[in-house]
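Student: I should like to take a close look at a single part of this model. May I ask for a connected account of it?

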Amino acid sequence: MVTMVDRVRLLDVETRDQRVWRILSAVADPEIPVLSIVDLGIVRHVRWSTDDEPEIGLTPTYSGCPATDFIRDSVRHALSVNGYPKAHLVEVLSPPWSSTWISEAGRVKLKDYGIAPPNCTTEAVGNPVCPRCEGSANEAVELISEFGSTPCKALYRCCVCLEPFDYFKPF
Amino acid sequence: MSRASVVPVSVDFAQTERFRYVLRLADTSLILGQRLSEWVGHAPALEEDLGVANISLDLIGQARMLLSYAGEIEAAGRDEDQLAYLRDQNDFCNLALVEQPNGDFGCTIVRQVLIDVWQLELLSWFDASTDQRLREIAAKAVKETRYHLRYSSGWLVRLGDGTEESHTRVQTSLNDLWKFTTELFTPDEIDRLAENAGVAPNLNVLRGSWLHRIDEILNEATLTRPDDVPYVWFGKRGEHTEYLGHLLSDMQYLQRAYPGVTW
Ligand SMILES: [Zn+2]
């Protein structure tokens, strides 16, 4: 069966939703620039008032995240230069952001960047896997600091390769 | 700026009470966040500098959400910045506990444990509040508060069950700060109205779960719970200790000296 989405894909025509999501996918998180805000899971919805007025729902990761204002400005700018100067941004608080919303692609990018992705099977407990040892050093890590360089990260050290690494906390 | 000039007479009773109730929560987070930020660059180790700074950031973030909400309830045109920077000492309604000086790192940790457990219990209760906005803000904040308590209680156990010196110091701080915890569970008319409206919990019940958790932590930290003090400091009613004014003069300096200045 050929669905509407397939047909659009076949015709290589981008819907307005796809276009906006593509623009948003190019907006990087200022603190972890390898992640886009879409990878991070903080774009909650794209709705439309009229064809040139998208409404973007954004949720903060941590309530005190200092990057929140910067991200809003980046989103506004990206949409504006890509034909949506009338885009409207709204803050969505509920349900609260969770690190389980980081996309699979985002988790791979985090690991490649040297940040252990959140361990989502065990909420807030369990040790991260050293992003350099590729998982062979499971459990052989020690916590250096519950809070790292940003609110979302903790600092660990691998007991095998002895390198310190950031851990994106399950949240 | 006097309170009389900014609270419009058209605000009905329920709205006024709700505004005051949310403002108390906001001020408590804001003042504690500001207090903790004094450690930035001065904490005993880099890890603690980061830890305390991150907790401070979370609290100020929570305060922003609550102050924005308070401003909307009041509907007098005051936003989060005006509420934070342009009120005088007597208009602040934070708990007196959070305005107390940081003291040594152990003292800061004692204060943090006392307030983290209170916040955790309260924020968890808000899941059943009739106030939808509070439910949403709390759902976000409660996850952060769990991390705060892990950090603070972990340190309290290490210091309490540490050396003779560290034990004596945190026990002394606990004895000094305990008197400010009476306020957390002594309701006034706003607390009672909030409870009746299903917005807030019964403070006596809250005290039970708070005490249970506190006793567990103190026990593990080999610390002794001090006796309760009948006198109540009512920071939430604007009756503050001498320390708040100094904190505000620091926090509000820029907006007071250069009204309306932006980055
Ligand atoms: Zn390793």
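Before we turn to that part, what is the mean pLDDT of chain A, and what share of its residues reach 70 or more? After that, please describe chain B closely.

Tutor: The model is a predicted one, and your question on confidence is a suitable place to begin. Chain A has a mean pLDDT of 87, with 87% of its residues at 70 or more. Within chain A, the lowest confidence falls in helix 1 (residues 4-10), where the mean is 58, and the highest in strand 2 (residues 54-58), at 97.

Let us now turn to chain B. Its secondary structure consists of 12 helices and 0 strands; followed along the sequence, the pattern is α-α-α-α-α-α-α-α-α-α-α-α. The radius of gyration of chain B is 18 Å, close to the 18 Å that the globule rule gives for 263 residues, so chain B is as compact as a globular protein of that length. Measuring along the principal axes is a separate description: the C-alpha trace of chain B spans about 60 × 45 × 35 Å.

The interior and the contacts may be considered together. Of the 263 residues in chain B, 56% are buried. Among contacts in chain B with a separation of 6 or more, 82% join residues 24 or more positions apart.

The surface and the charges complete the picture. Chain B has an accessible surface of about 11,500 Å², and carbon and sulfur atoms account for 53% of that surface. Chain B also carries 25 positive and 40 negative charges, and the mean positions of these two groups lie 3 Å apart.

Note on methods. Residues numbered from 1 in each chain as written. Chains lettered and ligands numbered in written order. Predicted model: local features only at pLDDT ≥ 70, side-chain atom pairs only at ≥ 80, totals over all residues. Heavy atoms only, no water. Helix = DSSP H or I, 4+ residues; strand = E, 2+ residues; numbered from the N terminus. Rg over C-alpha atoms; globule rule 2.2 N^0.38 Å. Buried < 20%, exposed > 50% of the residue type's maximum accessible area, 1.4 Å probe, protein only. Contact = heavy atoms within 4.5 Å. Areas by Shrake-Rupley, 256 points an atom, 1.4 Å probe, with all protein chains shown as cover. Lys, Arg positive; Asp, Glu negative; His and termini not counted. Charge placed at Lys NZ, Arg CZ, Asp CG, Glu CD. pLDDT = per-residue confidence, 0-100.
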